[in-house]
Amino acid sequence: MFDELFDFIRQLYPDKRVITLHEPILGQLEKDYLNRVIDSGFVSSVGEFVTEFEQRIANYTGSKFAVAVTNGTAALHLSLLAAGVKSGDEVLTQSLTFVATANAISYTGASPVFIDVDESNLGLSPARLKNWINENCDFNDGLLINRTSGKRVSACVPMHTFGNCCSIEEIQNICHEYQLPLIEDAAEALGSFKNEQHLGTFGKFGALSFNGNKVITTGGGGIILTQCEESARWLKHMSTTAKVPHPFLFNHDAIAYNYRLPNINAALGCAQLDRLP
């Protein structure tokens, strides 16, 4: 099977000795945007392009709010925290995914529970998800408890593999039934829609990635999509070390994270968005 696949790819690129799996498209447009950042002197987490990038991603995806962070893993981590995942919990996710999905869950102190995927779309199987819950959990007073481990199951994280839509509407219904926060790992899904709704906007939160191997790149970067203004404010605050706004004092009202996307990365992203169509 693999030999046939390799032969097919070679026929598409007969003159290339090395065929890259992912290759960003970068040119003069990106250079122009980056020069604007360099000339401004604001290359770090403060600058006009960060806000512009967030607004343009929100507009493109149809999300009310978008919070830019350093990478897709950070986007997942903060989303899980915002959804209320705590140390000692369990989080349901799929067995076929990149390690970042499980890493982000582990950062919270929770444990990932791996459930099989559907062959048709390589995403989390709603049938297997429902079976696992029925066979392993009790649902009482709004809490889903694994009767074997005694741990709370506190969220569900499906992933849209290669930007292919998983059975998100069925998964959404199951999560609603058991009051499970749904967090979409939409790292690879920029530009992917289900019934004219962008992936990453079906759940409470959606995480996008802009690594060098994604649809567009900011070098490294991610965004959290949410429809909740209060959550968006909390996410932005926690991604900027929980610094209380002040002209010169450095007051921080929580233990937080240095996850804010730098302006120079956001500028690259804005240039890439010009190419996205």
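A cavity is a set of grid points where a 1.4 Å probe fits but cannot get out. The close-up views below are taken from a predicted model.

**Figure 1. The largest cavity and its lining in the predicted model.** The structure holds one cavity of 30 Å³ or more, and the volume of the largest cavity is about 30 Å³. Its lining is made up of Leu-76, Leu-80, Thr-101, Ala-104, Ile-105, Val-157 and Ile-183. By class, six of these residues are nonpolar and one is polar, with no charged residue. Helices H4 and H5 each supply at least two residues of this lining. The largest share, three residues, comes from H5.

**Figure 2. The largest pocket and its lining.** The largest pocket encloses about 560 Å³ of space. Its lining comprises 26 residues, and those lying nearest the centre are Phe-98, Ala-187, Glu-188, Asn-213 and Lys-214. At least two lining residues come from each of helix H4 (72-82), helix H5 (99-107) and strand E10. Helix H4 gives the most, with three residues. Sorted by class, the lining of the largest pocket has twelve polar, eleven nonpolar and three charged residues.

**Figure 3. Helix H3, residues 48-61, and its surroundings.** The 14 residues of helix H3 should span 20 Å at 1.5 Å a residue, and the end C-alpha atoms are 20 Å apart, which agrees with that expectation. Buried positions in H3 are Phe-49, Val-50, Phe-53, Glu-54, Ile-57, Ala-58 and Thr-61. The cover over the buried residues of H3 includes two helices, H2 (28-40) and H9 (263-275). Strands E1 (65-69), E9 (197-198), E10 (205-209) and E11 (222-226) are also included in that cover. Just after the helix, Gly-62 takes a positive phi of about 80°.

**Figure 4. Two edge-to-face aromatic pairs.** The structure holds six aromatic pairs. In one of them, the ring centres of Phe-53 and Phe-210 are 5.1 Å apart and the ring planes stand at 70°; because planes over 60 degrees apart count as edge-to-face, the pair is assigned to that class. Phe-53 belongs to helix H3 and Phe-210 to the loop between E10 and E11, so the pair ties together parts that are 157 residues apart in sequence. Phe-53 and Phe-210 are both buried. The rings of Phe-139 and Tyr-178 have centres 5.5 Å apart and planes at 85°, so this pair is edge-to-face. The pair of Phe-139 and Tyr-178 links distant parts of the chain, 39 residues apart: Phe-139 lies in strand E4 (residues 137-140), and Tyr-178 in the loop between H7 and strand E7 (183-185). Phe-139 counts as partly exposed, at 31% relative accessibility, whereas Tyr-178 is buried, with a relative accessible area of 8%.

**Figure 5. Leu-122, a loop residue with a positive phi.** Leu-122 is not a glycine, although its phi is positive, at about 65°. This residue is found in the loop between strand E3 (111-115) and helix H6 (126-136). Leu-122 has 30% relative accessibility and therefore counts as partly exposed.

**Figure 6. Phe-162, a loop residue with a positive phi.** The phi of Phe-162 is positive, near 55°, in a residue other than glycine. Phe-162 is located in the loop between strand E6 (153-157) and helix H7 (168-177). Its relative accessibility is 59%; since the cut-off for exposed is over 50%, Phe-162 counts as exposed.

**Figure 7. Val-43 in the loop between H2 and H3.** Val-43 is partly exposed, with a relative accessible area of 37%. Leaving aside residues up to four places away in sequence, Val-43 touches Val-37, Pro-262, Asn-263 and Ile-264. The C-alpha atom of Val-43 is separated by 39 Å from that of Gln-172, a residue 129 places away along the chain.

Notes. Residues numbered from 1 in each chain as written. Predicted model: local features only at pLDDT ≥ 70, side-chain atom pairs only at ≥ 80, totals over all residues. Heavy atoms only, no water. Helix = DSSP H or I, 4+ residues; strand = E, 2+ residues; numbered from the N terminus. Expected span 1.5 Å × (residues − 1). Buried < 20%, exposed > 50% of the residue type's maximum accessible area, 1.4 Å probe, protein only. Contact = heavy atoms within 4.5 Å. 1 Å grid on protein atoms, 1.4 Å probe; cavity = no way out; pocket = protein on both sides within 12 Å on 5 of 7 lines; lining within 4 Å. Points joined across faces, edges and corners; volume = space filled by probe spheres on them. Nonpolar A, V, L, I, M, F, W, Y, C, P; charged D, E, K, R; others polar. Phe/Tyr/Trp six-rings, centres within 6.5 Å; stacked < 30°, edge-to-face > 60°.
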